[in-house]
Amino acid sequence: MQLFLDTTDTAELKALAAGGLVDGVTTNPTLIAKSGRPMLEVIAEICAIVEGPVSAEVAAVQTEAMLAEGRRLAAVASNVVVKVPLTSEGLAAVQVFAQEGIATNVTLCFSAVQALMAAKAGATYISPFIGRLDDYGSDGVSLIHDIRTIYDNYGFDTEILSASIRTVEHVKAVAIAGSDCATLPPAVFKALFKHPLTEKGLEQFMSDWAKTGQSIL
Ligand code: G3P
């Protein structure tokens, strides 16, 4: 499963990407606003930090305007993926982007039939928001299972990019459900490495090794 970071914090991204396990980045208008920086500047910087796909979201809601904005975003770097909201206007734009060879990430997906429509439109990625579904009282992870079943039933190439991830448990659950990718807040990404028994065990190994008085080098 590919792991993306859901962030515009380029300093933290650079530090985490150095570990070699960050496969890409997703952003959205809220994260861009949080950065306090010009969008094209922060997207260009992110694209220079990671080689993998970097999702940059259009702000327009009408098809023609989405197409103009998406083409501008795609021109920023070769690894830009144009993020488009899951609306009829958005999916009309996705079909044109697919013909033009521009990768797309269809976002704000909350149902399996929405995901079916995005795949029919030729989306490169679909972003089901599982945390927001949980917040809404639904079962976000079950949506990933449903989309996986539908995509496998019909051989759709669209990749499931589980989003709105809140916990390590979410990451485990969407991986079990067969999600192709997940995009995580940096705090959740960092938590993936952690377990109290690992820390305890390492402490014990180091203590016992110190008693040997030996050195490997
Ligand atoms: O950026 C897409 C998605 O991961 C945002 O989800 O619920 O954390 O705003 P949320």
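**Figure 1. Contact between arginine 166 and the ligand.** In this predicted model, an N or O atom in the side chain of arginine 166 is 3.1 Å from an oxygen atom of the ligand. With the protein in place, 83% of the accessible area that the ligand has on its own, 310 Å², is covered.

**Figure 2. Contacts of aspartate 6 and lysine 83 with the ligand.** The side chain of aspartate 6 places an N or O atom 2.7 Å from an oxygen atom of the ligand. For lysine 83, a polar side-chain atom is found 3.4 Å from an oxygen atom of the ligand.

**Figure 3. The shell of residues around the ligand.** Asp6, Asn28, Lys83, Phe129, Arg132, Ala163, Ser164, Arg166 and Thr183 surround the ligand. By character, this shell comprises four charged, three polar and two nonpolar residues. Asp6, Lys83 and Arg166 are among the residues around the ligand, and each is also shown in one of the preceding views.

**Figure 4. The pocket that holds the ligand.** The ligand takes up the space of the largest pocket. Residues around the ligand include Phe129, Arg132 and Thr183.

**Figure 5. The protein in which the site is set.** Eleven helices and eight strands make up the secondary structure elements counted in the protein. Along the principal axes, the C-alpha atoms fill a box of roughly 70 × 40 × 30 Å. The protein has 217 residues, of which 45% are buried.

Key. Residues numbered from 1 in each chain as written. Predicted model: local features only at pLDDT ≥ 70, side-chain atom pairs only at ≥ 80, totals over all residues. Heavy atoms only, no water. Near = heavy atom within 4 Å. Polar contact = N/O pair within 3.5 Å; in protein donor to acceptor, adjacent residues only side chain to side chain. Areas by Shrake-Rupley, 256 points an atom, 1.4 Å probe, with all protein chains shown as cover. 1 Å grid on protein atoms, 1.4 Å probe; cavity = no way out; pocket = protein on both sides within 12 Å on 5 of 7 lines; lining within 4 Å. Sits in = over half its atoms within 2 Å of the grid points. Nonpolar A, V, L, I, M, F, W, Y, C, P; charged D, E, K, R; others polar. Helix = DSSP H or I, 4+ residues; strand = E, 2+ residues; numbered from the N terminus. Buried < 20%, exposed > 50% of the residue type's maximum accessible area, 1.4 Å probe, protein only.
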